[in-house]
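Welcome! Let us take a walk through this protein together, going from its sheets and helices to its cores and domains.

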Amino acid sequence: MSTTTKPDTSETSSPSNRITGSEAVVRCLLEEGVDLIFGYPGGAIMPVYDELYKYSDQIHHVLVRHEQGATHAAQGYARSSGRVGACIATSGPGATNLITGIADAMIDSTPMVCITGQVPKHLLGSDAFQETDVMGITIPVTKWSFQITEASEIPEVFAKAFYVAKSGRPGPVVIDITKNAQFGELDYQYERCEVVKTYVARPDVGRNELQEAADLINSAERPYILFGQGVILSEAEAELKALVEKAGIPAAWTIMGLSAMDTEHSLNVGMLGMHGNYGPNVMINECDVMIAIGMRFDDRVTGNLEKFAKQAKVIHLEIDRAEIDKNVKTDVALVGDAKEVLSLLTPLVNENSHEAWHQKFKECDAMEFDKVIQNECSPTEGMMTMGEVIKNLNQHTKGEAIIVTDVGQHQMVACRYAEFKQTKSNITSGGLGTMGFGLPAAIGAKLGAPERQVIAVVGDGGIQMTIEELGVILQTDVHVKIVLLNNEFLGMVRQWQQLFFDKRYSATEMVNPDFQKIAEAYKIESKRIDDRADLDQSIQDMLDHDGAYFLEVMVGKENNVFPMVPSGAGVSEIRLE
């Protein structure tokens, strides 16, 4: 969502409220409850940083080491706290370095407000020092982007930005502020935004559609629920559980929906997608009614659309109307907030158990255990596997920790095997698949939920993209635990090269640094292990340590992640080996 129309700023305040634009920025943040912001200063945003200095007792600024780290940290903070993440950077390269994280937040529906400095208004379009077209760059990857060129615009734009970022389907908003607007003065008055013309944040679901959906569910012999992050974003976890338990429907999750439902729940059948569980994928093409809740039918979930659930009646519950019929044809569309819609739908649904249908999932589970899980999670010889590390973590954390992953094989393994009792516990880069996400996102997650144990599970490739953010841990003393699963490869790419490119390992083998020396340089306690006999005690020591900890675990170099749906294949063609 974008606009070029300037807001109405005709309303004025008393002379005692006349302040600079830069102070107005900070006051607006306080009005929206922001007490933590991630950023990196520079010339075009310096007036705002001067005000942050004055308000340092009310807003804590976390100095990242790269602007991309600011966006990922803000994402982690938003995902663990349920609040809007905030970050700030200067113009030019400062602003462009935010783009990857903004795009990541957009596709993963993460509420975030990003503030960028800009050259003075009279220099716009002149190719001034560190000028970039922030609007042109960010509009495709934001819910809304706006360039402020006058101080008087600040309060209304900020109010709208926070409303847009957190309402409806959440997402990132960018506010670009010229330097003259920061130095200029205005009569400050703040009023929170509750509505934006032409933007419907919470559509009203139709009663007829609710009854149609209930009728399909009640007549189904093999109903199947697929749930995604929309359940978490709308805080509909209890409502999902109520529907699942009343109707006795097996429910599977996308990686963004993981932790919305207790992973040990008897009706939670596992993970969907390319590296998901065998049963949840195969049964997509055997169900007669599919109920998709807060998920967008991403290609990593559907595989080949021509072979996806052609036999099923599809009910799609989604707050973003643009997702309806985009990838999968819907028979009944329930457009609205998941919490509200589920609370209206469940009373219309009959009690049921579908025991014969559940038995099919159990049979698939047994096959997957014999061919994959047993070997991955309980090996007795050879190098350690990623699966056994995650299983050991489960034994110690009891499903209570927040697990933040980077992107790659370790991500898929962690999502497959991590156990969660609480919501907002799985934080990962789903849609964009951003390597380098894990470490800064874990820092943000810990600051967003300081009372919880936060563990970053990363690979040797991804962590080196943002390893400089260890400096945040040094300076801010964030007690994040880091588990590096080191296979000395860009593992996911290598797996594809092995399976589909005749083992031509082009540019995927890693020559890595001494990670212990790097951790030591940042004054972080660390350990490296390559013997499974040391694994259990090492994880216990890491979790017991009062402070950040870096545990490097050497795992098999050419271990693969299975099951796997090959590119271009249908979900029923999932491979167990």
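A good place to begin is helix α14 (residues 338-345), which lies across β12 (289-293), β13 (313-318) and β14 and runs at about 130 degrees to β13. Keep in mind as you look around that this is a predicted model.

The strands under α14 belong to an open sheet of six strands, in the order β11-β10-β9-β12-β13-β14, with parallel pairing. At its edges are β11 (268-271) and β14 (332-335), each of which pairs on one side only. On average, neighbouring strands here are turned by 20 degrees against each other, direction ignored. For a look at one pairing, follow β10 (residues 251-253), which runs parallel to β11 and is joined to it by three bridges. Within that pair, A252 stands opposite G270 of β11.

There is another open sheet to find, again built from six strands with parallel pairing, and its order is β3-β2-β4-β5-β7-β6. Its edge strands are β3 (60-63) and β6 (144-148), and each of them pairs on one side only. From one strand to the next, the twist averages 20 degrees. Inside this sheet, five bridges link β4 (residues 85-89) with β5 (residues 112-118) in the parallel sense, and G85 stands opposite M112 in β5. A helix crosses this sheet too: α2 (residues 46-54) lies across β2 (36-39), β3 and β4, at about 125 degrees to β4.

Here are the two helices that lie across strands, side by side.

| Helix | Strands it lies across | Angle |
|---|---|---|
| α14 (residues 338-345) | β12, β13 and β14 | about 130 degrees to β13 |
| α2 (residues 46-54) | β2, β3 and β4 | about 125 degrees to β4 |

Next, how do α3 and α5 pack? Helix α3 (residues 67-81) meets helix α5 (residues 99-107) at an angle of about 25 degrees, and their axes are 7 Å apart. Because of that angle, α3 counts as roughly parallel to α5. On the α3 side, the contact is made by Q68, T71, H72 and Q75, while α5 brings T100, G101, I102, D104 and A105. Helix α5 also has a buried stretch, with G101, I102, A103, D104 and A105 under cover. The elements covering these buried residues include α3, β5 and β7 (172-178). Just after α5, look for S109, which takes a positive phi of about 55 degrees.

Now to the nonpolar cores. The largest one has 101 residues, and those with the most contacts inside it are Y224, I225, F227, I293 and L334. Helix α15 (residues 355-377) gives the most to this core, namely six residues. At least three residues come from each of domain 2 (207-360) and domain 3 (384-558). If you zoom in on I225, you will find that, leaving aside residues up to four places away in sequence, I225 touches L240, L243, V244, I249, P250, A251, A252, I291 and I293. A second, separate core of 48 residues includes V64, L98, V141 and V404.

Finally, step back to the whole chain. The protein is divided into domain 1 (15-187), domain 2 (207-360) and domain 3 (384-558). How many Å separate the centres of domain 1 and domain 2? Taken over C-alpha atoms, the separation is 37 Å. Where these two domains meet, the contact takes seven residues from domain 1 and seven residues from domain 2.

Notes: Residues are numbered from 1 along each chain as its sequence is written. This is a predicted model: local features need pLDDT of at least 70, side-chain atom pairs count only at pLDDT 80 or more; totals for chains, interfaces and linings use all residues. Side-chain values use heavy atoms; hydrogens and water are left out. Two strands pair if DSSP finds at least two bridges between them. Helices (H or I, at least four residues) and strands (E, at least two) are DSSP runs, numbered from the N terminus. Axes are lines fitted to C-alpha atoms, for helices over the stretch in contact, and angles run from 0 to 180 degrees between N-to-C directions. Contact means heavy atoms within 4.5 Å. A nonpolar core is a set of buried Ala, Val, Leu, Ile, Met, Phe, Trp, Tyr and Cys residues joined through side-chain atoms within 4.5 Å. Buried means under 20% relative accessible area, exposed over 50%, partly exposed in between (1.4 Å probe, protein chains only). Domain bounds come from an automatic or database domain assignment. Angles under 35 degrees count as roughly parallel, over 145 as roughly antiparallel, 65 to 115 as roughly perpendicular and the rest as oblique.
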